[in-house]
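Visitor: Please pick one part of this protein and walk me through it closely. I would like to know how it connects to its surroundings.

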Amino acid sequence: MTRVALITGAIVAVLADHLMADATAVHVALIALGLVLGVPHGSVDHLLAADVLAVRAVTATVGYAALAAAAWTVLHWGGALPLALMIVASIVHFGLGEVETMDIPFGTSVFRRTALLLTGAGALVLPLARGGPGWDETLRTLSPSLADLFSSGTIRFVLIGIWAASALVSAHLLVVERRWLILVDLAVIGVVGSVVAPLVAFALWFGLWHGPRHIARLVARELADDRRSSTTRQAWMATIRHAVPATLGAYATLAAVVGVVVGYGSTTGAVAMAIVVLLALTAPHMIVVAAMDSAAHRRRRRVDTTPERPPRASRVSVTG
């Protein structure tokens, strides 16, 4: 599903660029669609944090909101350095999300895992390297000095080189392991990051790929806990029910911030501020997901060292 959705969105974006004299309206609509669809995947983080940290949900919610507010303050007022660090952290987070969905064996070397991570983050790395209308203006609105850095031909060449080398290592590994669908996925990410308008490419990937795949992991986690859901349908409904309040809160925050900026007549400024809000929400999200993945890895290691281990819970897939 995510594969088809991302390819469809990319085709719409490319056709708009080639068939319309001014594709700005289509670009803005696709960016908005991606951001709106991507928000819900982090909307049960407070419950995950409460579970992983063994604290009350209200405590986890307050802590999560405080971290997001602090991140927004630092990103909004801290200049280029916090923004650069957050971009790097986002590349790692998005790449790790791809690696987790690949179900790569524990024996895979750190070098190869890093290559898979960087390749999987191509929808952010490649747009950063390419630049272009929309992306450059938005980045300059966020940080002029950072925009100057990424406009350097040397930086762009290095980013593309790192991604290409990582893609070659990843492709070799996946061919040897006969993981053909994952190879197709990485190819799709690379093509979208290379040919679709940079900001549109990232937004579509965020909303049509990264978000839904993370939600599928949450559903699988819900389903694995027999105390909570016994069927896939129950797990989906429970995940949606838990996500609704925080999703509505995030939408309200985005609408308020973007509405104020649009009121001053700046579409680029509105997109930039929306990105800052999303980055601020991503800061605690990354921590929660890392804790969730770490706990899952510990459980899997215990299962893998058990002589007669039970079969793993079936995965919930939205990758078709």
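**Helix 12 and its neighbours**

Guide: From the N terminus on, the elements of the protein chain run α-α-α-α-α-α-α-α-α-α-α-α-α-α. That makes 14 helices and 0 strands. Please keep in mind that this is a predicted model. The chain has 320 residues, and 46% of them count as buried.

Let us look closely at helix 12, which covers residues 198–224, and begin with its charged side chains. Side chains of opposite charge can pair when their charged atoms come close. The whole structure has 6 salt bridges. In one of these, Arg221 pairs with Asp51, and their closest N and O atoms are 2.8 Å apart. Arg221 belongs to helix 12 and Asp51 to helix 3, so this pair ties together parts that are 170 residues apart in sequence. How well covered are the two partners? Arg221 is buried because its relative accessible area, 18%, is under the 20% cut-off. Asp51, at 40% relative accessibility, counts as partly exposed.

Another arginine of the helix, Arg217, meets Asp293 in a salt bridge with an N to O distance of 2.2 Å. Here helix 12 is linked to helix 14, with the two residues 76 apart in the chain. Both Arg217 and Asp293 are buried. There is a network too: salt bridges with shared partners join Arg3, Asp185 and Arg213.

Now for the empty space beside the helix. Rolling a probe the size of a water molecule over the atoms shows where empty space is left. A search of the whole structure finds 4 cavities of 30 Å³ or more, and the largest holds about 300 Å³. It is lined by 17 residues, of which Leu124, Trp135, Phe202, Ile275 and Leu279 are the closest to its centre. Helix 12 is one of the elements that give two or more residues to this lining, together with helix 5 (80–102), helix 7 (122–130), helix 8 (135–142) and helix 14. Which kinds of residue make up the lining of the largest cavity? It has 14 nonpolar and 3 polar residues, and no charged ones.

Next, follow the two helices that the salt bridges led us to. The second largest pocket has a volume of about 520 Å³. Of its 25 lining residues, Tyr64, Ala68, Ala246, Ala250 and Leu281 are the closest to its centre. Helix 3 (45–53) and helix 14 (267–304) each give two or more residues to this pocket, as do helix 4 (57–77) and helix 13 (232–263). By class, this lining has 14 nonpolar, 10 polar and 1 charged residues.

Helix 3 has buried residues of its own, namely Asp45, His46, Leu48, Ala49 and Ala50. Just after helix 3 comes Ala54, with a positive phi near 60°.

Helix 13 offers one more stop, since Tyr251 sits there. Its C-alpha is 7.6 Å from that of Val36, although the two are 215 residues apart in sequence. Tyr251 counts as partly exposed because its relative accessibility is 27%.

To bring it together, helix 12 pairs with helix 3 through Arg221 and Asp51, joins helix 14 through Arg217 and Asp293, and helps to line the largest cavity.

How values were computed. Residues are numbered from 1 along each chain as its sequence is written. This is a predicted model: local features need pLDDT of at least 70, side-chain atom pairs count only at pLDDT 80 or more; totals for chains, interfaces and linings use all residues. Side-chain values use heavy atoms; hydrogens and water are left out. On a 1 Å grid over the protein atoms alone, a cavity is a set of points where a 1.4 Å probe fits but cannot get out, and a pocket is an open set with protein on both sides within 12 Å along at least five of seven lines; lining residues have an atom within 4 Å of a point. Grid points are joined across faces, edges and corners, and a volume is the space filled by probe spheres set on the points. Helices (H or I, at least four residues) and strands (E, at least two) are DSSP runs, numbered from the N terminus. Ala, Val, Leu, Ile, Met, Phe, Trp, Tyr, Cys and Pro count as nonpolar, Asp, Glu, Lys and Arg as charged, and the others, Gly among them, as polar. Buried means under 20% relative accessible area, exposed over 50%, partly exposed in between (1.4 Å probe, protein chains only). A salt bridge is a side-chain nitrogen of Lys or Arg within 4 Å of a carboxyl oxygen of Asp or Glu.
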